[in-house]
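Trainee: I've got a model open and I'd like to learn how to read it feature by feature. Can we go through it together?

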Amino acid sequence: MSKSSFQKPIEIKISTVVAVSAILNTSDGIALDAALNEMTGGTPDFFEGDLTVIDVGSLAPGCARIDWGSIIALLKKYRLNPVAVRNAAPDMIDDILAQGLSLDSGKRDEEKPAAPAAAPAPAPVAEAAPAAAPAVGAAGTMIIDTPVRAGQRIYARGGDLIVTAVVNNGAEIIADGSIHVYNTLNGRALAGASGNADARIFALSMSPELVSIAGVYSTFEDGFPAEHARKPTQISLVGDRIDILSVNSPTRA
């Protein structure tokens, strides 16, 4: 009998202080549903809307193609909130991004691969509700001059994102590079979405619901730290920890 016969269909492990990993060992939705039901004992509030990174690194080669919409719906059924996918194969990426999930390489500074050979950077794509067309600056930078509304999603693929207007609560802005908001940042901001741990988030007035850099997340249910709230602030990744630093002072949160 193969070793895989003894694997549970799904395992839940703590990934960071604010996110869990859902490690898929199968793409079979029926098996996953049964395993989650057994794990939770049918308790509807076993999980409490925990941010979840879906890890597909344990899937066997040649397994059935993942139905991402069904997997997301299944996890939400058990009150897990999928926000990113780790160890995604290249042929999964378009489907993952189409579902509004980010990519998490699972790698940090010491594990970063060498830079690829020079090639034209892919043009950034805005995946958002209808709005004024974004401007594209140097090196693939996307520039948004209009407010980002609740429910709207902006993704700067392959570059940085610059927003000169307010980012409202319920909005989501994502960039493979850094995020610069020359206004108030509410809502969700996810920088380094393709695994760039050197990416940063800057805002003239910082008050986000969630921030993420290279798959490491932090939420602010009790409000953004008072010493930095509504002030010029930058957010970076130090090891596996989100670091908050005033733009005008060396004092860290």
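Mentor: Sure, and let's start with a term: a residue is called buried when its relative accessible area is under 20%, and exposed when that value is over 50%. Keep in mind that this is a predicted model.

Trainee: Okay, is F220 buried or exposed?

Mentor: F220 comes out at 13% relative accessibility, so it counts as buried. F224 is buried too, with a relative accessible area of 8%. Across the chain, buried residues make up 45% of the 253 residues.

Trainee: How do I describe two aromatic rings that sit together?

Mentor: A pair of aromatic rings is described by the distance of the centres and the angle of the planes. The structure holds 1 aromatic pair. F220 and F224 form it, with 4.9 Å centre to centre and 65° between the planes. Planes over 60 degrees apart count as edge-to-face, so that's the label for F220 and F224.

Trainee: Let's move to strands. Which way do the side chains of β15 point?

Mentor: Strand β15 covers residues 216–219. V216 and S218 point one way from it, while Y217 and T219 point the other way. Residues on both sides are buried, as all four of these are.

Trainee: And which strand does β15 pair with in a hairpin?

Mentor: That's β14, with 2 residues between the two strands. In the turn, A214 has a positive phi of about 50°. β14 spans residues 210–213, and its pairing with β15 is antiparallel, over 4 bridges. To follow the register, look at L210, which stands opposite T219, and at V211, whose bridge partner in β15 is S218.

Trainee: Where does the hairpin sit in the sheet?

Mentor: Read the strand order: β8-β10-β12-β14-β15, an open sheet of 5 strands with mixed pairing. β8 (153–156) and β15 stand at the edges with a single partner strand each, so one side of each has no neighbour in the sheet. Neighbouring strands here are turned by 10° against each other on average, with direction ignored.

Trainee: What about the chain overall? How many helices and strands are there?

Mentor: The chain has 3 helices and 17 strands. For contacts, look at sequence separation: of those with a separation of 6 or more, 39% join residues 24 or more positions apart. As for the surface, the chain exposes about 12400 Å², and carbon and sulfur atoms supply 54% of that.

Definitions and conventions: Residues are numbered from 1 along each chain as its sequence is written. This is a predicted model: local features need pLDDT of at least 70, side-chain atom pairs count only at pLDDT 80 or more; totals for chains, interfaces and linings use all residues. Side-chain values use heavy atoms; hydrogens and water are left out. Rings of Phe, Tyr and Trp (its six-membered ring) pair if their centres lie within 6.5 Å; planes under 30 degrees apart count as stacked, over 60 as edge-to-face and the rest as tilted. Buried means under 20% relative accessible area, exposed over 50%, partly exposed in between (1.4 Å probe, protein chains only). Two strands pair if DSSP finds at least two bridges between them. Axes are lines fitted to C-alpha atoms, for helices over the stretch in contact, and angles run from 0 to 180 degrees between N-to-C directions. Contact means heavy atoms within 4.5 Å. Accessible areas come from the Shrake-Rupley method with a 1.4 Å probe; for residues, only the protein chains shown count as cover.
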